[in-house]
Amino acid sequence: MSAPAPATGTAPAYYIPQPSHWPILGSIALLLMGFGAASWFNGYAYGPWTVLAGFCVLIVMMFGWFGAVVGESERRMFSRKVDRSFRWGMSWFIFSEVMFFAAFFGALFYVRNLSVPDLGSIGSKILWPDYTAAWPTVGPYIKDTFTPMAAIGIPLINTIILLSSGVTLTIAHHGLKAGHRGQLKLFLFFTVALGALFLSLQAYEYHHAYTELGLTLRSGVYGSTFFMLTGFHGLHVTIGAIMLTVMLVRVFRGHFDAEHHFGFEAAAWYWHFVDVVWLLLFVLVYWL
Amino acid sequence: MSSVTHDDVLGHGHDAHHHHPTGLMRWVTTTNHKDIGTMYLWFSFIMFLVGGTMAMTIRSELFEPGLQIVQPEFFNSLTTLHGLIMIFGAIMPAAVGFANWQIPMMIGAPDMAFARMNNWSFWLLPPAAVLLIGSLFVPGGGAAGGWTMYPPLSVQLGMGMDMTIFAVHIMGASSIMGSINIITTILNMRAPGMTLMKMPLFCWSWLITAYLLIAVMPVLAGAVTMLLTDRHFGTSFFNAAGGGDPVLFQHVFWFFGHPEVYILILPAFGIISEIIPAFARKPLFGYASMVYALAAIAILSFLVWAHHMFTVGMPTAGLLFFMYATMLIAVPTGVKVFNWVATMWRGSMTFEAPMLFALGFLFLFTIGGFTGLVLAITPVDIQLQDTYYVVAHFHYVMVAGSLFAFFGGTYYWIPKWTGTMYDEKLAKLHFWSSLIAFNVAFFPMHFLGLAGMPRRIPDYSQQFTDWNMVSTVGAFWFGLSQFIFLYVVLKCIAHKGEKAPGKPWEGATTLEWTLPSPAPYHTFETPPVVK
Amino acid sequence: MIRNCRGSAPPRFIGRALAALGALPAAALAAPAWNFQTPVTPIAREQFDLHLYIFWICVVIFIGVFGVLFYSLLKHRKSVGHQAAQFHENTTVEVVWTVIPFLILVFMAYPASKTILALKDTSAPDMTIKVTGYQWKWNYDYIEDGFGFYSTLATPFDQIENRAPKDENYLLEVDHPLVVPVDTKVRVLITAGDVIHSWWVPAFGVKQDAIPGFVRDTWFKADKVGTYRGQCAELCGKDHGFMPVVVEVKSKDDYAKWSAEQKKALAAAADDPHKLWDQGALVARGEKVFNANCAACHQASGTGNAAAKIPALVGDAVVLGPAKAQIDIVLNGRNGMPSWKHLPDTDIAAAITYTRNSWGNKAGEGLVQPAAVEAERK
Ligand code: HEA
Ligand code: HEA
Ligand code: CUA
Ligand SMILES: [Cu+2]
């Protein structure tokens, strides 16, 4: 990827990339991971290795593909119009993520307001004579008990951390727009660090839940919704933090200027989205 | 990776020489919307054959009472995979294929907004198909819980179910990326002067479809993810013992599933809205209300999901709400039907194959819509839920609806794609043969359902024999008719036939007809100006 | 025949033509069914009428719309020299054809809503029956009378496999039908033990999904004595197609007689869970229980099915180990292994004892008494 910028030096009307082998690598990766995981979960020894192989291919593909895009961006191949495409693309991608979380929030709403009360109702007494509906619950049949996660404590600290990271990220963005590279670097670094801190605290919290509270994925529908929602959120924080780290590296390499920094903004949008999801989680999962 | 030189940068001279890979690698690496559209369409057709072969096996088993050909468990796998493959493998990719070919040409764009991601959207499909079809051959057999995958049955199944779950994830990723591409292309890459309300209806229909896809595919991903963790990691989402509820899955699934059926039909509506004005030689009647009707259908589609669940034992208020909301969809759909009729009214019609398929669509889709309305009436649905009446309903809207529209669309645009006119005689034969066979195959299913034959059974009691026999004969006839289609298409590709002019249809007005046939590899590198 | 046609004569000729075509004995075929079965409850009757009402409205609209279209197809074609008009908008007609369908829908929704309210009204029943769906049988519990039984397909396998001629009620016959009195409001509580099933009797207009872990209810009041047949209407696995529902509606007197007999038989057959069995008798009984319930998966030879991840019981550690663990698995199930809680203690003890002493198995705790099973239940 070492091509000269277009001879004229201006951005083309609309940049259409060359044929590329990155997508097919991605497909091969997902095939390996899908088949590998299916085998793994059914006890085949080759399963985890297949997943690992797929994952490695995926990493190669991401480095290659995103590297290509970064290269194109730095050679200023992207006109205003392409930039607008990226904005639409990222917005709709985030919308799809919102809907993904909506499925799990919907499940939480449903079990809390419909299925658990139903199981504890008079009508269900012939099946579950001793069950009283409550939240949190392990359900009418599972015997293990657990202590639910308290909102005040790590979750509250984590809320503060994520909210501050949103602020530091905005300060970094202002720095970028005003041409203050120092401010940009420093506050972007803070943001990534806060993200990492958040993740470490969450890891600690999970450990605490499994070892001391008896709260696991198997703890009835409370455990299921708790770990599914916070787990997928944690995964998204991880992805967001990686995106920001890449941006940090790019900043240190001198990428971006006041006008031209959509990569940075996309990562920032994503980070704010992850932030908002956390607020919902804090209220609906930990607090209420 | 090939290096970027400036002649691949569009807008820099049309004589650009391309050093694109050739042979297989051309198709594997291509970023061209026409190549990708072609691959989508072929993939779709192959999946149609695979899913159709499964349907033929189902119909053969059901030719008469008793178990003859397959074991019950395999029968269930066939039904499941037939449904999944037809919906996710045949109909949806066909619609995306049309979008890829047509949208850039119809709005005057050089290509899709994200050409490289476009390639990935397509190339995710073959791995998904491998996982789906491969699931039949792993220990424990393929997924056998119906395309709806209801737990706890789907929790009982073996490794095939996991492969199906991952296939659904991958197809979902493909659809989401495809949709982001389509929306962005439509919103950002229209030629100067082409306002949204001047855009061809096919583009409108896809804009709204893509929005539906982005809204519901992630929800499906969420549903099957919960299924996966219930299967392997001890969660209790769908397990009453832990406080969950099997019905929760149905809510989440149908929150996806109902919009999904409009995802299957809206692009078809778009194609019909192009064909009818062209052959009536008269502008589409009520363009604006057609657009509003599409939007209304899309919005309502989020509010009706539980009409698939009238027998799960919902509270009365739920039954009433979902019945009313479902019935309401008849209003915007009716507007579309009436507008199509009004477009033809006092036109100057000719009846080439695309128009025949459009008319067949109109006639049979409306029947399917009416049976949908019958199903929407809760007390009646309680009798008909999970019977062959439902099977009849959805094949009318999906086969005679979506599929017929795609046949019509193929005949309509294949001159533009290949530069060769299709064989009109054979195409008409394809139409009439399909039309009659389709009704022989699927009309009797209404009677079967009314009389009480459940769906998804490999064997039935004797009073259902007659209609099943009729249906099987029709199904084979319908299946064989599709060879005519294949032959006609291959003939065009081999350029055996009249050379197509740039605009073979007298009444066609959209931008793609301003291009030569076949359309050059790159089109509209400089955007046309629309007045 | 249970088939009942209402309406005009069905097109027999198609059936005939096909019978000849398929060289099938025409005698086996009668007039094809093509509408709802004859309703015998008020709700089913309302559904029937509602269906016809909606159906005819749709037919009228259909003829209207396509009448216009076909007129247009004939008159406004290029080949008859028709010139295309160029109009493409008319707000008035657009409003009209939005509002009129809406009004039609209101006329459809009104009677439908009334029926919904009626069919959800399960209050004040004369009797209550609990129906539980299992793979692949139904269990009926007469709650007030305290007896119950299983109801399984009675069609012999030979008929399904085409080795014997199929009899009239092929696939729609069971060993023990549900029996109810005529003119009685029966409330049905429906649940399931494994996966979702759906209890459906077309002539009653009743179809209710059976959701494991939840209780749903519905009701019917049959006003005609007779035998009514339906099927499980929710895909529930391999034998979903072989899970019929048969209901016998008896006169009130006959029903009273029948139910008295049931109670007597019940008392006679009841096993005392505290009875102490000797091993031979328990193994003999266990063989029957095992072959009826467990052999479907673990095989009569106890060898399981490795491909389907069903463990062999021959030489199995759990079977040879302490009895308590095996009782726990059999009672409560685990992963693919269903729970057998619904079987009586004696049957469970017998099956376990059988596994511990068969196919060369020789467990330390060879004899498991029903009382041990009872003790494990909570
Ligand atoms: C292309 C796909 C497609 C489309 C477009 C539709 C359209 C509709 N469907 Fe259908 N449906 C399916 C695909 C589709 N469906 C599938 C796949 C299933 C089964 C899934 C499964 O279980 O596996 C299903 C099942 C299904 C059910 C559940 C049945 C059951 O399982 O018990 C119901 C119930 O309400 C229903 C209703 C409707 C309605 C009201 C419409 C409406 O949109 C129809 C509107 C159209 C018209 C009404 C005709 C034209 C209108 C006029 C001419 C105006 C005048 C009319 C009046 C005023 C009456 N559908
Ligand atoms: C758009 C989607 C779509 C399409 C196009 C079709 C097409 C067909 N379907 Fe479809 N069907 C579904 C979607 C679709 N179906 C869904 C969603 C279900 C529900 C699944 C579930 O319950 O989970 C279903 C269920 C279903 C059933 C019910 C099964 C059951 O409940 O157990 C039946 C039964 O007859 C059936 C029949 C057919 C037939 C005969 C065709 C024909 O139109 C197919 C014709 C095509 C071909 C035959 C292929 C081309 C020809 C060849 C490959 C050559 C070889 C052919 C011959 C030798 C004749 N389908
Ligand atoms: Cu039980 Cu189907
Ligand atoms: Cu629907």
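**Close-up 1. H393(B) sits in helix α15 of chain B, which spans residues 388-418.** This is a predicted model, so treat the view accordingly. The helix matters for this picture in one simple way: H393(B) is the only protein donor of the iron atom of ligand 1. Its NE2 atom does the job, at 2.1 Å.

**Close-up 2. The iron atom of ligand 1 has a copper ion for company, with 4.5 Å between the two metals.** The copper ion here is ligand 4. On the iron side, look for NE2 of H393(B), the only protein donor to that metal.

**Close-up 3. Chain C meets chain B over about 8600 Å² of buried area.** Carbon and sulfur atoms account for 69% of that area. Chain C brings 97 residues to the contact, and chain B brings 101.

**Close-up 4. K78(C) and E506(B) join their side chains in a salt bridge across the two chains.** The N to O distance is 2.7 Å. Enjoy this one, as the count of salt bridges between chain C and chain B is one. Polar contacts also link the two chains: 32 residue pairs, with both residues at pLDDT 80 or more.

**Close-up 5. Here is the side of chain C that touches chain B, with α1 (12-21), α2 (42-75), α3 (91-119) and β7 (206-210) as the elements that each give two or more residues.** Sorted by character, the residues on this side come out as 56 nonpolar, 25 polar and 16 charged.

Notes. Residues numbered from 1 in each chain as written. Chains lettered and ligands numbered in written order. Predicted model: local features only at pLDDT ≥ 70, side-chain atom pairs only at ≥ 80, totals over all residues. Heavy atoms only, no water. Donors = N, O, S within 2.8 Å, 3.2 Å for Na, K, Ca; no water. Helix = DSSP H or I, 4+ residues; strand = E, 2+ residues; numbered from the N terminus. Contact = heavy atoms within 4.5 Å. Buried area = accessible area lost by both parts, 1.4 Å probe. Salt bridge = Lys/Arg side-chain N within 4 Å of Asp/Glu carboxyl O. Polar contact = N/O pair within 3.5 Å; in protein donor to acceptor, adjacent residues only side chain to side chain. Nonpolar A, V, L, I, M, F, W, Y, C, P; charged D, E, K, R; others polar.
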